[in-house]
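Me: I should like a close look at a single part of this protein and its surroundings. Please treat the matter in one connected account.

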Amino acid sequence: MYLLMDSVYGGGDLRAEALERNLIPVVPAHPLRKHPWQLDKRRYRQRNEIERLFRRIKAYRRVFTRYDKLDVVYATFISMALICEHLR
């Protein structure tokens with residue numbers, strides 16, 4: 001399983017923690033690092049797609065402001081927002 005992270009989280013400690021949990025970290029190395037690691041660019045692009053999806057979902061005011069008190073109702077509205085985005 002892969003852990004898609006932003007470049008802010010590219011420190012050695014977080015990468016080591018991810019590896020201990022049997023996750024493969026996908027994060028670009030800082031350009032000045034002495035021993036940079038390989039970056040799976042295809043998977044890193046997927047991180048951007050996920051961030052854009054969250055931005056589009058937050059355009060639904062009800063999701064952004066979380067009017068619903070019950071988690072079930074909130075999760076249902078997120079599902080409905082995802083369906084609307086898929087049909088778009």
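What covers the buried residues of helix α2?

Reply: The model is predicted, so local features need pLDDT of at least 70 and side-chain atom pairs pLDDT 80 or more, while totals for chains, interfaces and linings use all residues. Residues are numbered from 1 along each chain as its sequence is written, and side-chain values use heavy atoms, without hydrogens or water.

The cover of the buried residues of α2 includes β1, β2 (24-26), α3 (61-65) and α4 (71-87), where contact means heavy atoms within 4.5 Å. Helices (H or I, at least four residues) and strands (E, at least two) are DSSP runs, numbered from the N terminus.

Helix α2 itself runs over residues 41-57 and has 17 residues. From its first C-alpha to its last it reaches 25 Å, close to the 24 Å expected at 1.5 Å a residue; the expected span is 1.5 Å times one less than the number of residues. R43, Y44, R47 and I57 are buried in α2. These residues lie on the same side of α2 because they cover an arc of only 130° around the axis, the arc being that of the directions from the axis to the C-beta atoms. The face turned away from this buried side carries the exposed residues K41, R45 and R55. In these terms, buried is under 20% relative accessible area, exposed is over 50%, and partly exposed is in between (1.4 Å probe, protein chains only).

One of the buried residues of α2, R47, also takes part in a salt bridge, with E51 as its partner and 2.5 Å between the closest N and O atoms. A salt bridge is a side-chain nitrogen of Lys or Arg within 4 Å of a carboxyl oxygen of Asp or Glu. Both R47 and E51 belong to α2 and stand four residues apart, about one turn of the helix. An α-helix has 3.6 residues a turn, so residues three or four places apart point the same way. R47 counts as buried because its relative accessibility is 11%, whereas E51, at 41%, counts as partly exposed.

Helix α4, part of the cover of α2, has its own buried side. The 17 residues of α4 should span 24 Å, and its end C-alpha atoms are indeed 24 Å apart. Its buried residues are Y74, F77, A81 and E85. Seen down the axis of α4, these residues fall within an arc of 85°, so they line one face of the helix. On the other side of α4, the exposed residues are V72, T76, I83, H86 and L87. The cover of the buried residues of α4 includes α2 and α3.

A salt bridge also joins the two helices: the side chains of R56 and E85 meet at 2.9 Å, N to O. This pair links distant parts of the chain, with R56 in α2 and E85 in α4, 29 residues apart. R56 is partly exposed because its relative accessibility is 29%, while E85 is buried, at 12%.

The structure holds six salt bridges. Another of them joins R66 and D71, whose closest N and O atoms are 2.5 Å apart. R66 is partly exposed at 38%, and D71 is exposed at 53%. Through salt bridges that share partners, R56, E85 and R88 are joined into one network.
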